[in-house]
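Subject: Structure for your files

Hello,

Here is the structure I promised to pass on. My notes on it follow below.

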There are 4 protein chains.
Amino acid sequence: MNESRNAQVQSIFDKARFIHALGVKLTGIGDDWCETTLTVKEDQRQQHGFIHAGVIATLADHTAGGAARAVSGKQDVITVEFKINFLRPAVGKHLRCHAKVLRAGKSIIVAEAVVFATHEGEEKSIAKLTETLSVIS
Amino acid sequence: MNESRNAQVQSIFDKARFIHALGVKLTGIGDDWCETTLTVKEDQRQQHGFIHAGVIATLADHTAGGAARAVSGKQDVITVEFKINFLRPAVGKHLRCHAKVLRAGKSIIVAEAVVFATHEGEEKSIAKLTETLSVIS
Amino acid sequence: MNESRNAQVQSIFDKARFIHALGVKLTGIGDDWCETTLTVKEDQRQQHGFIHAGVIATLADHTAGGAARAVSGKQDVITVEFKINFLRPAVGKHLRCHAKVLRAGKSIIVAEAVVFATHEGEEKSIAKLTETLSVIS
Amino acid sequence: MNESRNAQVQSIFDKARFIHALGVKLTGIGDDWCETTLTVKEDQRQQHGFIHAGVIATLADHTAGGAARAVSGKQDVITVEFKINFLRPAVGKHLRCHAKVLRAGKSIIVAEAVVFATHEGEEKSIAKLTETLSVIS
């Protein structure tokens, strides 16, 4: 059970070239959750020196997809929409994202994700995402 | 007027390293709108070969930021939150994004953006974003 | 064609008791759009005397549902999620909402809606909604 | 401290006529949270007999506003935008909403809310909202 579940989640990280290119690591998988980390590169910042909203959104979206993939069995999932609130300026070099499934229906899965940044030794939440995914039949 | 407006918008593209790294080009600026394009690289795709949702979201977010920057005068803007709906599978190599301001308040600006993809000679909308930005005083 | 389409849209207004109770009127139907009005009652306001966000969201959600129902043929639709931005303080007594379909897929429809308020003879946009609906099979 | 905090939260329920008209009760207040209940009336349903999305959204929005008001001190708050995902068909007669603040900034507060419905003796989550509020100075 866990082996096939883990293989499902692993597969959407292995095959997603953009996720590799950013440097996202898959660090944990559970029955309805997924965790990732990202060591931020200098070219992932925006005009004020903060981590770009797009980097944070990509990390949160893909990790939410990982959580959804943990519950979707043989079927794959695709993002229908997401909403993300940025809670604090994204400083630091180390991001961690924890996503979990809120509701798994037959055709639609809803997941949420929190992104944390570590700065000066302290980890704080910097973004919260809610996402709808479609189960591909 | 237009010169300073254009310089404001240009600056948030020039200084955002992640936007450069992705290859986003600023192609148009108006009083309350902004337009960009992106020639998609192979490492910007996801596990099904489509353009990654994070690439599309980044393009839409930053272009919405450009539209907001066109109206915010001497003050800079930062993304508070955004929501994006993915309308079609993102195939093709050429993305275009058009963003416009829906409402410019003193402290909050609301903008929206549509992302289009060209595939087999036809351009179709693939995503719609709505975004709230904060005016930095 | 138009007759059955109009009957589909009409039905989701006729049978929705909360929409009647609020006083929402269905004023226009097209191939992929729907329009409604609401004369605001005093008990539909919030603590500052503005029209309550919930009234505006209900009007926008149901009108977006009407637009989706115009394109969904024999199948009914249900709201999966929506996001709404409030653009201006909602003053006045007369609301109008125009909703249109952004994308009609087999199982998912995306629609958007704008709510306008008339105050001192001038109509202004006060809210913008984007909504995902599921086609019920 | 708690007395003034409670009075702040209570005031946005006392003065909001739409909230009274719906029948929403304020049942709990904490340092950064707020809880409400609603006994659903027959005229608060939609075309399939479920509780209308607008009723659920109103309850979640106002309760999130209550949580924000618990942290905003002498200053009032107003909804900038919200997003709500509907997790299950809203059956039953008793709704409960728990909202908490995710981040309280000087000018912007982000809150989230979960709405639960009790049906056949079992309480289940039926909706999740994330909301941005502006602190009125």
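Through which surface do the copies, chain A and chain C, meet? They meet through the same surface, because 100% of the interface residues of chain A are also interface residues in chain C. Please keep in mind that this is a predicted model.

Symmetry

A turn of 180 degrees with a shift of 0.0 Å along the axis lays chain A on chain C, with an RMSD of 0.0 Å. Chain A also superposes on chain B, by a rotation of 180 degrees with 0.0 Å of shift along the axis and an RMSD of 0.0 Å. Chains A and B are therefore related as by a two-fold rotation axis. In chain A, Lys83(A) has the C-alpha nearest that axis, at 2.0 Å from it. Both copies use the same surface here, as 100% of the contact residues of chain A recur in chain B.

The contact between chains A and B

In this contact, 29 residues of chain A touch 29 residues of chain B. On the side of chain A that touches chain B, the elements giving two or more residues are H1, helix H2 (17-22), H3 and E3 of chain A. E3(A) gives the most to that side, with 8 residues. Sorted by class, the side of chain A that touches chain B has 11 nonpolar, 10 polar and 8 charged residues.

E3(A) is also paired with E3(B): the two strands run antiparallel and are joined by 5 bridges. Within E3(B), Phe82(B) is the residue opposite Ile84(A).

The sheet across chains A and B

What is the order of the strands in the open sheet? There are 12 strands, with antiparallel pairing, in the order E1(A)-E2(A)-E4(A)-E5(A)-E6(A)-E3(A)-E3(B)-E6(B)-E5(B)-E4(B)-E2(B)-E1(B). The edges are formed by strand E1 (25-29) of chain A and strand E1 (25-29) of chain B; each has a single partner strand, so one side of each is left without a neighbour in the sheet. From one strand to the next, the twist averages 25 degrees.

Next to the edge in chain A, strand E2 (residues 33-39) pairs in the antiparallel sense with strand E4 (residues 94-104) over 7 bridges. Trp33(A) has Lys100(A) in E4(A) as its bridge partner.

Helices on the sheet

Helix H1 (residues 2-14) of chain A lies across E1 and E2 of chain A and runs at about 160 degrees to E1(A). Helix H3 (residues 53-71) of chain A runs at about 40 degrees to E4(A). H3 of chain A lies across E1, E2, strand E3 (76-86), E4, strand E5 (108-119) and strand E6 (122-136) of chain A, together with strand E3 (76-86) of chain B.

Two hairpins in chain C

In chain C, strand E4 (residues 94-104) and strand E5 (residues 108-119) form an antiparallel pair over 10 bridges. Ala99(C) is placed opposite Ala113(C) in E5(C). The hairpin from E4(C) to E5(C) passes through 3 residues.

E5(C) pairs in turn with strand E6 (residues 122-136) of chain C, in the antiparallel sense and over 12 bridges. For Ala111(C), the bridge partner in E6(C) is Glu131(C). How many residues lie between the strands in the hairpin of E5(C) and E6(C)? There are 2 residues, and in this hairpin Glu120(C) takes a positive phi near 50 degrees.

Regards

Definitions and conventions:
Residues numbered from 1 in each chain as written. Chains lettered and ligands numbered in written order. Predicted model: local features only at pLDDT ≥ 70, side-chain atom pairs only at ≥ 80, totals over all residues. Least-squares fit on C-alpha atoms with pLDDT ≥ 70 in both. Contact = placed C-beta atoms within 7 Å. Pairing = 2+ DSSP bridges. Helix = DSSP H or I, 4+ residues; strand = E, 2+ residues; numbered from the N terminus. Axes fitted to C-alpha atoms, helices over the stretch in contact; angles between N-to-C directions. Nonpolar A, V, L, I, M, F, W, Y, C, P; charged D, E, K, R; others polar.
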